[in-house]
Amino acid sequence: MIPPTRWLPMPVLSLLLLVVWLLLQQSVALGQWLLGGVLAILIPVVCRPFWERQPTIKRPLKLLGYFLRVLGDIVTANIQVSKLILDPRGQMRPAFVEYPLTLRENFPITILASTITMTPGTVSAHLRLDGRTLLIHALDVADTRALIDEIHQRYERPLMEIFES
Amino acid sequence: MLDTIIEGAVAFMLIAGGAFAFIGSLGMTHLKDFYMRLHGPSKTTTLGVGCTLIGSLIYFSREDGPIIQELLITISAFITAPVSAHMLAKSALHHKLKPDPRTRGNPVELESDKPRHTIEEAPQGDSPLP
C-alpha cells in the first residue's frame, strides 16, 4: 500500500477519485488529468476530518474474489426473493435474527452489513456497536442458527482474512 | 451472427431488468409488513435497474464505442441501495413499527418503553432528578 502523507492523507481514495473522474469524462487529455488530479488532492484534504481511520487491505486478490462471489449471490438472492413474492400461498417465515459480530473495525462491518442486505432474504436492520451485534431481518428462514453460521462462513470469515488477519 | 448475439444479450438484459423491477414493485403490495416490504426494493429493484443499465451499456457500446459511465452508475446503485435500506429499517425500528405476527425473534428495539415509575413513585421534593 502507498503510505499516507500530509497532502495525500488517503492515497487510495485519491487514486480512485482520479480514475473515476477520467472514466466519467471518457478522455485522457492533459486538461482532464490536471483537473482530476486537483480534485483528487483537494477532496480528501477537505473531508479528511469526517473519515474513520482506514483499514489496510491485506489481500487485494481475495477482495476481488469476494466481490465476484457477492455478485453471484445477488443474482441467486433475487431469484429466491422473486419466488417468495410470486408464491401465491405466501408461506413465509420472517424472523429477526441477532448476529454476533466478530469483526472489530467499522469499515469491514459496513461491507458486511451491505453484503447481508444484498444477499438472500436478509436485510441488516440495526447495528449495535455497544453489544457488537447486528440485527438482521430475514424474509424466510427455517433455522436461525444455520443462517448465522452461513453468514459467518461465507462472508465474515473472508472479510476477516482480507482486512484483519 | 455477432449482431444477433449482441441483440439477444441486450434483449435478455432489458427483459430481465423489467421483470425484476416489476416483481420488486409487486412485493410492495404483496408483502405483509414494513420489514418484509423492505426486501423488494432493496434487492430486486436494484438488480432490475442494474440489468437495464447493463443492457443499455452493451447497446450503446456497439453503436459508438465503449461507454463506461453506465457501469459506474450501476456500481454506485449497488453500493447505495443497502445503505438506504439499512437507514429505512433503522427508522422503522425507532418508530417501533409492529412486525407481522408470524415474525420470530423479539429485538429489544421493539419492546415498548414502559414508564420507569408512576407519578406517585416519582422522585419528589429536593431529591435529584431521575
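Here is a short chat about this predicted model, going through chain A, chain B and their contact.

Q: Let's start with chain A. Which domains is chain A divided into?
A: Chain A has domain 1, covering 11-50, and domain 2, covering 60-163.

Q: And how many Å separate the centres of those two domains?
A: Taken over C-alpha atoms, the centres of domain 1 and domain 2 of chain A are 33 Å apart.

Q: Okay, helix 3 of chain A. What should the 27 residues span, at 1.5 Å a residue?
A: Helix 3 of chain A takes in residues 60-86, and it should span 39 Å. Its end C-alpha atoms are 39 Å apart, so the model agrees with the expected span.

Q: Which residues in that helix are buried?
A: In helix 3 of chain A, the buried ones are A:Ala77, A:Asn78, A:Val81, A:Ser82, A:Leu84 and A:Ile85.

Q: Why would residues three or four places apart point the same way?
A: An α-helix has 3.6 residues a turn, so going three or four places along brings you back to the same side.

Q: So what covers the buried residues of helix 3 of chain A?
A: The cover includes helix 4 (106-118) of chain A, and from chain B it includes helix 1 (2-30) and helix 3 (39-64).

Q: Switching topic: strand 2 of chain A. Is it enclosed, or is it open?
A: Strand 2 of chain A, residues 122-128, is largely enclosed by the rest of the structure, because 5 of its 7 residues are buried.

Q: How many bridges join strand 2 to strand 3 in chain A, and do they run parallel or antiparallel?
A: There are 6 bridges between strand 2 and strand 3 (residues 133-138) of chain A, and the two run antiparallel.

Q: Which residue in strand 3 stands opposite A:Val123?
A: That's A:His137, in strand 3 of chain A.

Q: Now chain B. What's its secondary structure?
A: Chain B has 4 helices and 0 strands. Along the sequence, its pattern reads α-α-α-α.

Q: What share of chain B is buried?
A: Of the 130 residues in chain B, 26% are buried.

Q: Back to the contact: how many residues does it take from each chain?
A: Chain B puts in 32 residues and chain A puts in 28 residues. On the chain B side, helix 1, helix 2 (34-37), helix 3 and helix 4 (69-94) each give two or more residues. Helix 4 of chain B supplies the largest share, with 9 residues.

Q: And what classes of residue are on the side of chain B that touches chain A?
A: That side of chain B has 15 nonpolar, 11 polar and 6 charged residues.

Notes. Residues numbered from 1 in each chain as written. Chains lettered and ligands numbered in written order. Predicted model: local features only at pLDDT ≥ 70, side-chain atom pairs only at ≥ 80, totals over all residues. Expected span 1.5 Å × (residues − 1). Buried ≥ 20, exposed ≤ 12 C-beta atoms within 10 Å, placed from the backbone. Contact = placed C-beta atoms within 7 Å. Pairing = 2+ DSSP bridges. Nonpolar A, V, L, I, M, F, W, Y, C, P; charged D, E, K, R; others polar. Domains from an automatic or database assignment.
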